[in-house]
Amino acid sequence: MAKEKTIYTCTECGGTSPRWLGKCPHCTAWNTLIESSAENPAAGKNRYSPQFQSLAKACEVTALADIEATDMTRTPTGHEELDRVLGGGIVEGGVVLIGGDPGIGKSTLLLQALDSLQRAGLNTLYVTGEESGAQVALRSRRLGLDGSQVKVMAEIQLDKILATLEVTQPAVAVIDSIQTVYSDQLTSAPGSVAQVRECAAHLTRAAKSSGVCIVLVGHVTKDGALAGPRVLEHMVDTVLYFEGDTHSSFRLVRAIKNRFGAVNEIGVFAMTEKGLKGVSNPSAMFLSQHSEPVPGSCVMVTLEGTRPLLVEIQALVDDGGPNPRRLSVGLDRDRLAMLLAVLHRHAGVACMDQDVFVNAVGGVRISEPAADLAVMLAIASSLRGKALPKGFLAFGEVGLAGEVRPAPRGQERLKEAAKLGFSVAVVPKANAPKKPIEGLTIHAVERIEQALDLVRSLQ
């Protein structure tokens with residue numbers, strides 16, 4: 001019996017190699033080649049044959065001004081936080097890819113969303129490749145979805161799934177998960193790079209041609225990235241990531257890519273006995289509950305997509321000995337080292353022999369530089385052992401020359417802070433509002449030394 005031929009495929013770029021290599025020859029990534037079965041050349045031998053290419057007709061070319069285009073109609077899912085991340089709801093013919101760690105709640109949230117859409121009168125279909133229909137029914141009963149009329153199909157064969165979509169014509173279909181689906185046209189195993197890419201391409205074409213909104217559930221690697229080649233993310237319209245610790249009740253759904261809405265938009269959910277519930281005031285989970293102000297704590301307003309969130313930045317400065325440590329959780333460690341140098345050079349606050357630990361409360365990750373001012377004020381507060389005033393917040397980017405640069409959409413940040421009862425704000429001068437905001441005293445600064453002098457006068 002002839003030995004089956006195998007190839008090695010890169011999980012990052014999809015490139016192939018006849019033998020295993022430590023580094024991918026196409027994208028130079030390390031340890032990304034995995035073994036898979038070679039495709040049967042007879043399966044697609046006619047696909048690119050010259051005699052069939054000659055039969056193809058040229059496509060029509062149309063000017064942009066002559067194309068009739070209207071805004072995409074959106075259908076709310078019944079979950080406000082999910083709608084926010086999607087850009088207002090599901091779009092006809094859209095393809096959504098959602099990924100996250102095992103057990104974080106992907107299937108739970110999608111089953112709840114399908115039930116809400118079905119109760120709103122839409123035809124829905126849940127295709128499960130990892131569970132049986134009985135397991136999905138048990139989960140729906142645990143979630144309190146009694147009498148749910150969501151159609152369930154336990155199938156992993158691509159042609160059968162496409163045929164069912166064509167016959168039932170659902171408005172929304174969930175494929176859980178894309179790594180379990182396989183096509184007979186390929187000989188590789190389900191979950192391989194070739195199978196995932198081919199099946200996703202067929203489902204995407206089916207969604208665009210029929211108008212069905214398809215939601216693909218994707219597995220993630222140990223590094224937290226979506227398994228399979230990055231081309232999978234380029235095919236779809238929206239990419240959502242589930243974030244959060246499985247030991248915590250809070251979950252974040254973040255839009256990494258969205259052709260129909262804002263990117264980096266987040267939705268906040270709380271895991272309960274009855275499934276995932278939206279959190280209407282997510283700033284509360286990112287703020288510690290102190291009865292009195294404590295040293296080393298400063299609140300800032302960060303932007304996640306279009307949503308302003310109040311996050312508490314905590315700093316602890318302690319004697320470090322000959323080898324002081326710099327550690328940050330939720331913030332960039334290299335940026336922390338840069339801010340400490342600026343703090344010493346331009347404000348005269350030295351931490352050379354001190355351990356400096358900085359943490360963003362609630363497990364949120366802050367990537368924007370608008371957190372610079374809050375981090376530096378929290379470090380100075382911890383070093384001096386004096387707490388910042390009650391109801392105090394700050395935001396702004398700090399440059400290497402010690403200047404305080406403006407943050408985008410400062411008015412929205414300040415209004416969100418005033419809504420939640422904050423009374424004192426230190427902001428860049430360019431972010432100072434022209435009209436006063438009721439209940440909020442705003443101090444505008446141009447340099448970091450001005451901000452520190454102002455804070456000392458308020459303490």
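Which helix or strand gives the most to the lining of the largest cavity? H3 does, with five residues. The views below are close-ups of a predicted model.

**View 1. The largest cavity and the residues around its centre.** The structure holds three cavities of 30 Å³ or more, and the largest encloses about 140 Å³ of space. Its lining is made up of 15 residues, of which Leu82, Leu86, Leu110, Ala113 and Val215 are the closest to the centre. By residue type, the lining of the largest cavity divides into 14 nonpolar and one polar, with no charged residue.

**View 2. Helices and strands around the largest cavity.** At least two lining residues come from each of four elements: helix H2 (80-86), strand E6 (95-99), helix H3 (106-119) and strand E9 (172-176). Among these elements is H3, which gives the most, with five residues.

**View 3. The second largest cavity.** The space in the second largest cavity comes to about 70 Å³. Its lining consists of Leu86, Gly89, Ile90, Val91, Gly94, Val95, Val96, Cys213, Thr238, Asn258 and Phe260. Strand E5 (90-91) and strand E6 each supply at least two of the lining residues. Seven residues of this lining are nonpolar and four are polar, and none is charged. Leu86 belongs to this lining and is also one of the residues closest to the centre of the largest cavity. E6 likewise supplies at least two residues to the lining of the largest cavity and at least two to that of the second largest.

**View 4. Cysteine 199 and cysteine 213.** The count of disulfides in the model is zero. Cysteine 199 is in no disulfide, and the nearest cysteine sulfur, that of cysteine 213, is 19 Å away. Cysteine 213 is in no disulfide either, its nearest cysteine sulfur being that of cysteine 199, at 19 Å. A disulfide needs two cysteine sulfur atoms within 2.5 Å. Are the two cysteines buried or exposed? Cysteine 199 counts as buried because its relative accessibility is 0%. Cysteine 213 is buried as well, with a relative accessible area of 1%. Cys213 also appears in the lining of the second largest cavity.

**View 5. Arginine 413 over the ring of phenylalanine 395.** Arginine 413 lies over the face of phenylalanine 395, and the distance to the ring centre is 5.5 Å. As for pairs of aromatic rings, the count in this model is zero.

How values were computed:
Residues numbered from 1 in each chain as written. Predicted model: local features only at pLDDT ≥ 70, side-chain atom pairs only at ≥ 80, totals over all residues. Heavy atoms only, no water. 1 Å grid on protein atoms, 1.4 Å probe; cavity = no way out; pocket = protein on both sides within 12 Å on 5 of 7 lines; lining within 4 Å. Points joined across faces, edges and corners; volume = space filled by probe spheres on them. Nonpolar A, V, L, I, M, F, W, Y, C, P; charged D, E, K, R; others polar. Phe/Tyr/Trp six-rings, centres within 6.5 Å; stacked < 30°, edge-to-face > 60°. Lys NZ or Arg CZ within 6 Å of the ring centre and 35° of its normal. Buried < 20%, exposed > 50% of the residue type's maximum accessible area, 1.4 Å probe, protein only.
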